[in-house]
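Subject: Structure handover and notes

Dear colleague,

I am passing on the structure we spoke about, together with its sequence. Please have both open while you read, since the notes below go through them place by place.

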Amino acid sequence: MTKTGLILAIDTKDYDLAEQWAQIADLTGQMIKIGMEFTYACGFDAVRKLARGRQVFLDLKLHDIPNTVASAIASLVSVKPAMLTIHTLGGKDMIKAARKAIDVNFPENQKPLLLGVTVLTSMDQENLNSVNLHTTPLEQVMKLAGMALDAGVDGLVCSPEEVATLRKFYEDKVVLVVPGIRLENAKTDDQKRIMTPALAHKAGANWIVVGRPITQSANPQQVAEEIICQLQD
Ligand SMILES: O=c1ccn([C@@H]2O[C@H](COP(=O)(O)O)[C@@H](O)[C@H]2O)c(=O)[nH]1
């Protein structure tokens, strides 16, 4: 069975709260995810400060022309992220430029994994249709996955619903990072393609990403520990 780790999503505009959550992640041995909310609100000095001494997934979901994405990635070296994201919908030229930017700019032992976001976990069939995509989420994820892996990503961000198919097809040749995790299998917010931690682990996720179910709970550390228990075989 694939080993699954927990990544805590630090989605807040408040530096002190981010530090409190990151310390819970430190105690339970988790990686932290820094995304747009914290970065835009607190700035890059704060990102570097929060990242210092920690394993960081920098989830900025870059999506622009190849030259701009490559230049942006070159500016992220000082954060020393373990993983970073681009949108696969940026296309193969953008992905190849991102690959090259990592290979050229990051020191050999500090190259982050390049992850391609496939179909956002907040999108269901209706949402796909609304952007004129008349495929199922699974078909769209598989199509983007093939293109993105050919173009040079190390792994994919997908919903738990696609993990088993991707794992069967690519075996252990791809890193699968999986948000859309909910403690109950019931849709209550913006996440549409969801699963519990235990089921995402069984399906073959390398990492699950969890934010609000931990950070908005009455006892974040306890919930994090309970989730980690669900990831044991
Ligand atoms: O398809 C995607 C890609 C990224 N995310 C990010 O993961 C976390 C999930 O947080 P929750 O509070 O557990 O919903 C959040 O930072 C998203 O930006 C995603 O949800 N789906």
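The notes that follow cover the annotated domain, one strand and its partners, the annotated active site, the ligand shell and a few single residues.

Please keep in mind throughout that this is a predicted model, and that everything said here about geometry is computed from it. To begin with the record, UniProt lists residues 5-227 as "domain: Orotidine 5'-phosphate decarboxylase", in an unreviewed entry. Over residues 5-227 the chain is 46% helix and 17% strand, and the C-alpha atoms at the two ends of this stretch lie 10 Å apart.

Strand β1, residues 5-10, is a useful place to start. Five of its six residues are buried, so the strand is largely enclosed by the rest of the structure. It has parallel pairings with two other strands: β1 and β8 are joined over four bridges, and β1 and β2 (residues 31-35) are likewise joined over four bridges. L8 can serve as a reference point for both pairings, since it stands opposite V210 in β8 and has I32 as its bridge partner in β2. Between β1 and β2 the chain crosses through helix α1 (residues 15-28), and this β-α-β crossover is right-handed.

Within helix α1 you will find A22, which is buried, because 20 other C-beta atoms lie within 10 Å and 20 is the lower limit for that class. Not counting residues up to four places away in sequence, A22 touches I10, I32, L50 and R54. The C-alpha atoms of A22 and P107, by comparison, are separated by 26 Å, with the two positions 85 residues apart along the chain.

The active site deserves a careful reading, since its assignment comes from the record: UniProt, again in an unreviewed entry, places the feature "active site" at D59, K61 and D64. D59 is in strand β3, and K61 is also placed in β3, which spans residues 56-62. How do D59 and K61 stand in terms of burial? D59 is buried, with 26 other C-beta atoms within 10 Å, whereas K61 counts as partly exposed, because it has 17 C-beta neighbours inside 10 Å. Leaving aside neighbours within four places in sequence, D59 is in contact with K33, I34, G35 and T85; on the same basis, K61 touches T85, I86, H87 and V117, and T85 therefore appears in the contact lists of D59 and K61 alike.

The backbone of K61 also calls for a look, as this residue has a positive phi of about 45° although it is not a glycine. E171 is another such case, with a phi near 45° in a residue other than glycine. The setting of E171 is the loop between α8 (160-170) and β7 (175-178), and E171 is exposed, since 10 other C-beta atoms lie within 10 Å and the class takes in residues with 12 or fewer.

Strand β7 itself holds V175, which counts as partly exposed, with 18 C-beta neighbours inside 10 Å. Setting aside residues within four places in sequence, V175 is in contact with L113, D154, G155 and N206. The C-alpha atoms of V175 and E162, which are 13 residues apart along the chain, are separated by 13 Å.

Finally, which residues surround the ligand most closely? The shell consists of 15 residues, and the closest are A9, T121, P179, G211 and R212. Both β8 (207-210) and α10 (212-215) supply at least two residues each to this shell. Sorted by class, the shell has eight nonpolar, five polar and two charged residues. Strand β8, it may help to recall, is also a parallel partner of β1.

With kind regards

Note on methods:
Residues numbered from 1 in each chain as written. Predicted model: local features only at pLDDT ≥ 70, side-chain atom pairs only at ≥ 80, totals over all residues. Near = placed C-beta within 6 Å. Nonpolar A, V, L, I, M, F, W, Y, C, P; charged D, E, K, R; others polar. Pairing = 2+ DSSP bridges. Right-handed = clockwise from strand over helix to strand, strands pointing away. UniProt positions renumbered as here; feature names shortened; annotations may be inferred. Contact = placed C-beta atoms within 7 Å.
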